[in-house]
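Here is a short walk through one protein chain. Keep the model open and turn it as you read.

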Amino acid sequence: MKKKMHISISELIFSIFKYVCLIIAAIVAVLPVIVCILTAFKTSDEYNNTSVLDFPKTFLNFENFRVAFKQANMLRGFMNTAIVIIVVLTCSIFISAMLAYVLNRFKFRGNGVIQNLFMFASLIPGIATQVTVYQIMYSLGFINHLYGYMIVLMGTDIISIYIFLQFFENLSVSLDESAIIDGCTYFGVFFKILFPLLKPAIVTSLVLKGVSVYNEYYMSNLYLQSKELKTISTALYAFTGPYGNQYNYICAGVIITIIPIFILFLIFQKQIYGGMAAGAVKG
């Protein structure tokens, strides 16, 4: 009887600890969003004279959103970001899928070395190579050009390569052999037979790469210095300066940038969840 009571108390303590941790994690995750929403509806005087957790006088004040959208030229930022995302995602998916196809289907000397080098490259912090990358970009005349920025982002996406590699492992080689016997070329095997079967892996890669590109700030701020080339992640830099930051406008702009992604997620959530589940890397 004492043993059962001891187990029950232990389970109770563990459950309490688990839920306390979950509640704390939820608060840490949600609190910045709540503060951002509250700040976005405050006037400049309200923001300067109230706490960040104080409610604004009204939630019907959309002046901050209008100012943020206009002064930060967010329409241009959305257009530039859309162009970058479409081009980068399209090229990255094809490059990663074709690399994975070659590494998985063709066994040649150095195959394992190449895969290990990809893994090694993923361990190197991107910031550590920026001096060299910037020198190369400057030498090629890619600074302050949208196409140069897209080329940098199109660089080998190692995570996507490994996602496609894992998915190719689950596709029987007999598919390739049957197509080749019927007279199909290697390009035909890839584009007509295998690539349509990679839909789950493609969705997974699109989600991971798309979020990364949409939120990318460092390289956008470094390589796109013209106001006309600002992406949505750097557009709100217009409200920062040496004399202080206008956080009520910044928060309004942040909410504007979240809305398109939130809408897309609601529309394609079934495809996203299905792709993430089916394209997950297995051990």
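Which helices do the buried residues of helix 10 pack against? Start by finding helix 10, which spans residues 186-194. Bear in mind that this is a predicted model. Four residues of helix 10 are buried: Gly188, Val189, Phe190 and Leu194. Buried here means under 20% relative accessible area. The buried residues of helix 10 pack against three partners: helix 4 (74-105), helix 8 (158-169) and helix 9 (173-181).

Now step back to the whole chain. The chain holds 14 helices and 0 strands. Read from the N terminus, every element in the run is therefore an α. The radius of gyration is 25 Å, whereas the globule rule gives 19 Å for 283 residues. The chain's value is well over that mark, so the chain is more spread out than a compact globule. The box tells you about its extent. Along the principal axes, the C-alpha atoms fill roughly 80 × 75 × 35 Å.

Next, look at burial and contacts. Of the 283 residues in the chain, 34% are buried. Take the contacts with a separation of 6 or more. Residues 24 or more positions apart account for 72% of them.

Turn to the surface. The accessible surface of the chain comes to about 17,800 Å². Carbon and sulfur atoms own 70% of that area. Then consider charge. The chain carries 19 positive and 12 negative charges. The mean positions of the two sets lie 5 Å apart.

Finally, go to two loops and check the backbone. Most residues other than glycine have a negative phi. Two asparagines in this chain have a positive one. Asn73 has a phi near 50°, and Asn144 has a phi near 65°.

Where do they sit? Asn73 lies in the loop between helix 3 (63-71) and helix 4. Helix 4 has come up before, as one of the helices that the buried residues of helix 10 pack against. Asn144 is found in the loop between helix 6 (130-140) and helix 7 (146-153).

Are these asparagines buried or exposed, or in between? Asn73 has a relative accessibility of 38%, so it counts as partly exposed. Asn144 has a relative accessible area of 28%, so Asn144 is partly exposed too. Both values fall between the 20% limit for buried and the 50% limit for exposed.

Note on methods. Residues are numbered from 1 along each chain as its sequence is written. This is a predicted model: local features need pLDDT of at least 70, side-chain atom pairs count only at pLDDT 80 or more; totals for chains, interfaces and linings use all residues. Side-chain values use heavy atoms; hydrogens and water are left out. Buried means under 20% relative accessible area, exposed over 50%, partly exposed in between (1.4 Å probe, protein chains only). Contact means heavy atoms within 4.5 Å. The radius of gyration is taken over C-alpha atoms; the globule rule is 2.2 Å times the number of residues to the power 0.38. Accessible areas come from the Shrake-Rupley method with a 1.4 Å probe; for residues, only the protein chains shown count as cover. Lys and Arg count as positive and Asp and Glu as negative; His and the chain ends are not counted. The place of a charge is taken as NZ of Lys, CZ of Arg, CG of Asp or CD of Glu.
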